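Let's take a walk through this one together. Have the sequence and the 3D view open side by side, and we'll go from the overall layout down to single residues.

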Amino acid sequence: MAKKIPQINASSMADISFLLLIFFLVTTSMDVNQGLARRLPAPIPPDQKVEDTDINKRNLFVVKINWENKLLVQGQEMDVRQLRAKAKEFIVNANDDPNMPKLFEEDFGQPFGTLKYTKEHVISVQNDAETQYQAYLEVQNELVAAYNELREECAQKYFHTPYTELDEEWQKKIQKIYPQKISEAEPKNYGGK
């Protein structure tokens, strides 16, 4: 007579597996993809003629990122940690430097009054096709942070309130004083690897 082999009761195995799956889904953290928050311009109507924009060289702040993730800002090597301060200096042009953007004078009403600002400045970001995405993001973050800091300083100076807590009308006026103009060129191959 053959010996009877005891069997394992597997009726609750599916329930246990399901509970373990739920547990790991709930307790596991996922990496969030990094990206850039950008609002794309509205499409150009088909009947509208596209004109080339001629930008005065003094109004252009060129930031290049090579295949080694090194920065060349206005023709000089620079560390990414210095970029924000240099961009702010360019955007404001406090000393009316002839090699920086032209200053325009405009009355912005109360409480600003008449201010000088660089409404025609453009920051051009150019990167190599081999540039790492992380280096590109760091540069973009520093440039956006430069604008954010200038807007925050303006809000504190005139309203003694954080920029994000201002009414939309005042935020738009400050955005007009410090318009964010970051141009992103198509990646090129600057002779890397």
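What percentage of the 193 residues in the protein chain do buried residues make up? The answer is 29%. Keep in mind that we're looking at a predicted model, and that everything below describes that model.

Start with the layout. The protein chain has four helices and seven strands, and if you read along the sequence they come in the pattern α-β-β-β-α-β-β-β-α-α-β. As for how the chain comes together, take the contacts between residues at least 6 apart in sequence: 66% of them join residues at least 24 apart. On the outside, the accessible surface comes to about 14400 Å², and carbon and sulfur atoms account for 51% of that.

Now pick out helix H3, residues 133-159. Does its length fit what a helix should give, or what sort of span should we expect? At 1.5 Å a residue, the 27 residues should span 39 Å, and the end C-alpha atoms sit 38 Å apart, so the two agree. Just after H3, His160 takes a positive phi of about 55°.

While you're on H3, find Gln140, which is found in this helix. Is Gln140 buried or exposed? Its relative accessible area is 0%, so Gln140 is buried. Look across from there to Ile182: the two residues are 42 apart in sequence, and their C-alpha atoms are 8.8 Å apart in space.

H3 also takes part in the second largest pocket, which has a volume of about 250 Å³. Of the 16 residues that line this pocket, the closest to its centre are Val92, Leu115, Lys116, Ile177 and Tyr178. Which elements give two or more residues to the lining? They are helix H2 (80-92), strand E5 (114-117) and H3. H3 gives the most, with five residues. By type, the lining divides into eleven nonpolar, two polar and three charged residues.

Next, move to the other end of the sequence pattern and look at helix H4, residues 168-177, where Gln171 is found. With a relative accessible area of 17%, Gln171 falls under the 20% cut-off, and therefore counts as buried. Setting aside neighbours within four places in sequence, Gln171 is in contact with Tyr163, Thr164, Glu165 and Leu166.

Strand E2 offers another buried residue to look at. Leu71 is found in this strand, and its relative accessible area of 6% makes it buried. Which residues is Leu71 in contact with, leaving aside its neighbours within four places in sequence? They are Val63, Lys64, Ile65, Gln76, Glu77, Met78, Asp79, Val80, Leu83 and Val139. Between Leu71 and Gln126, which are 55 residues apart in sequence, the C-alpha to C-alpha distance is 9.9 Å.

For a residue with more of its area showing, go to Pro187, in the segment after strand E7 (182-184). Pro187 has a relative accessible area of 45%, so it is partly exposed. Not counting residues up to four places away in sequence, Pro187 touches Asn127, Asp128 and Ala129. Take Asp128 from that list: it lies 59 residues from Pro187 along the chain, yet the C-alpha atoms of the two are separated by 5.2 Å.

Last, a few spots where the backbone is worth a look. Asn69 is found in the loop between strand E1 (60-65) and strand E2 (71-73). Although Asn69 is not a glycine, it has a positive phi of about 65°. At 25% relative accessibility, Asn69 counts as partly exposed. Asp96, in the loop between H2 and E4, is not a glycine either, and has a positive phi of about 50°. Asp96 counts as partly exposed too, at 42% relative accessibility.

Finally, which two residues does a cis peptide bond join? They are Gln110 and Pro111, with omega at about 0°. You'll find Pro111 in the loop between strand E4 (104-107) and E5.

Technical notes:
Residues numbered from 1 in each chain as written. Predicted model: local features only at pLDDT ≥ 70, side-chain atom pairs only at ≥ 80, totals over all residues. Heavy atoms only, no water. Expected span 1.5 Å × (residues − 1). Buried < 20%, exposed > 50% of the residue type's maximum accessible area, 1.4 Å probe, protein only. Contact = heavy atoms within 4.5 Å. Areas by Shrake-Rupley, 256 points an atom, 1.4 Å probe, with all protein chains shown as cover. 1 Å grid on protein atoms, 1.4 Å probe; cavity = no way out; pocket = protein on both sides within 12 Å on 5 of 7 lines; lining within 4 Å. Points joined across faces, edges and corners; volume = space filled by probe spheres on them. Nonpolar A, V, L, I, M, F, W, Y, C, P; charged D, E, K, R; others polar.
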